[in-house]
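Please look over the following protein chain before reading the briefing, which moves from the whole chain to single residues.

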Amino acid sequence: MIIHVESLHVEPLEEKVAELVHFMINKYRLRKVVTKEEMLQAVIKNSKFEFSVVFEKACKSLGVISGIDVKEVDPPTNSYVLVNSLDITYDEMLSDDQIVPRNGLLMMILGVIFTQNNCASEAEIWDFLIVFGVHPDREHLICGETRKLVTEDWVREEYLVYQQVPDNDSPCCKYYWGPRAYAETSKLKVLQFLVKIKATDPLSFYFLYKEALRDEHELDQATHGPMDLATTRSIEEN
């Protein structure tokens, strides 16, 4: 899916960032290293923007939207490799190679649900995403139309579950983790992702980390049998 920037009201810098993101994603899908020289020739060209500014913003967008990290593998040649840092498999199912992976977006939503006592309203989800420039009623320059992705696609694929619940004024929709989310990620990984993209102190999620560690402990017990006493105490103390 190609987003035609001329149909959107965007700043020239953001347009250039989106162009670089799509270029880097193509390299990622081909499992090829990307170099600074290639990016300069294919995207930056005679742009008025400094390469370092565009590149930094593109790397941040890849991390937040796609859950993809950009790692330098050869400093002398300014060569980089793109690495998927998440275990979500949704983007592997997509047949359109021009769609930017959006697993980071999904992890953010799962994080909102977890931090809202494992149940979040649609308004709470969008309030969080808007901080990162993702709006329910506006096509995003990099990840495209997102409302359908949240309300239909990820529900159909069982990453999210939603239910209408009664409200004082009118019924509202609440979102929960779906069975596939539980199968492919964990509360601990989601918290770690939130801390990373928000660049916040992990201690601000102290009690949530304790809950996530308890879940990891219970899952490990169910899978491998009871832990020894020392390991159990270590988890509880953390």
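Is Y206 buried, partly exposed or exposed? In this predicted model, Y206 has a relative accessibility of 32%, and because buried means under 20% and exposed means over 50%, Y206 counts as partly exposed. The points below set that residue beside others, beginning with the chain as a whole.

**Confidence in the model**

- The mean pLDDT of the chain is 85, and 84% of the residues reach 70 or more.
- Confidence is highest in strand β1, residues 34–35, with a mean of 96, whereas helix α10, residues 229–237, has the lowest, with a mean of 51.
- Over residues 1–9 the pLDDT stays under 50, and the model has 17 contacts there beyond four places in sequence.
- Where pLDDT is low, the predicted coordinates should not be read in detail.

**The chain as a whole**

- The chain contains ten helices and six strands, and of its 238 residues, 44% are buried.
- Among the contacts with a separation of 6 or more, 59% are between residues that stand 24 or more positions apart.
- About 13,300 Å² of the chain is exposed, and 50% of this area comes from carbon and sulfur atoms.

**Strands and their pairing**

- Strands of a sheet pair through backbone hydrogen bonds, either parallel or antiparallel.
- One open sheet has three strands in the order β1-β3-β2, and its pairing is antiparallel; β1 and β2 (68–74) are the edge strands, each of which pairs on one side only.
- Within this sheet, β1 and strand β3 (residues 79–84) run antiparallel and are joined by two bridges, and V34 has Y80 in β3 as its bridge partner.
- Strand β6 pairs in the antiparallel sense with strand β4 (residues 120–121) over two bridges, and here A120 stands opposite Y175 of β6.
- Strand β6 also runs antiparallel to β5, to which six bridges join it, and the bridge partner of V161 in β6 is Y176.

**Helix α6 and the loop before it**

- The buried residues in α6 include L149, V150, T151, D153 and W154, and the elements that cover the buried residues of this helix include α4 (103–115), α5, β5 (160–165) and β6 (172–177).
- An α-helix has 3.6 residues a turn, so residues three or four places apart point the same way.
- T146 lies in the loop between α5 (122–131) and α6 (147–156), and because its relative accessibility is 1%, T146 counts as buried.
- The side chain of T146 reaches the backbone oxygen of H135 at 3.3 Å; H135 is also one of the residues that T146 contacts beyond its neighbours within four places in sequence, together with L105, W126 and V134.
- After α6 comes E158, which has a positive phi, near 70 degrees.

**A buried methionine in helix α4**

- M108 lies in helix α4 and is buried, because its relative accessible area is 0%.
- Not counting residues up to four places away in sequence, M108 touches V64, F128, L129, F132, F193, L194 and I197.
- Although M108 and G67 are 41 residues apart along the chain, their C-alpha atoms are separated by 9.9 Å.

**Aromatic residues**

- A pair of aromatic rings is described by the distance of the centres and the angle of the planes.
- The structure holds six aromatic pairs, and one of them joins W177 and Y182, whose ring centres are 5.1 Å apart and whose planes meet at 50 degrees, so this pair is tilted.
- W177 counts as buried because its relative accessibility is 7%.
- Another pair is formed by Y206 and F207, with ring centres 5.2 Å apart and planes at 80 degrees, so this pair is edge-to-face.
- Within this pair, Y206 is partly exposed at 32% relative accessibility, whereas F207 is exposed, with a relative accessible area of 67%.
- F51, F55 and Y80 form one aromatic cluster, and Y80 is also the bridge partner of V34.

Notes: Residues numbered from 1 in each chain as written. Heavy atoms only, no water. pLDDT = per-residue confidence, 0-100. Helix = DSSP H or I, 4+ residues; strand = E, 2+ residues; numbered from the N terminus. Contact = heavy atoms within 4.5 Å. Buried < 20%, exposed > 50% of the residue type's maximum accessible area, 1.4 Å probe, protein only. Areas by Shrake-Rupley, 256 points an atom, 1.4 Å probe, with all protein chains shown as cover. Polar contact = N/O pair within 3.5 Å; in protein donor to acceptor, adjacent residues only side chain to side chain. Phe/Tyr/Trp six-rings, centres within 6.5 Å; stacked < 30°, edge-to-face > 60°. Pairing = 2+ DSSP bridges.
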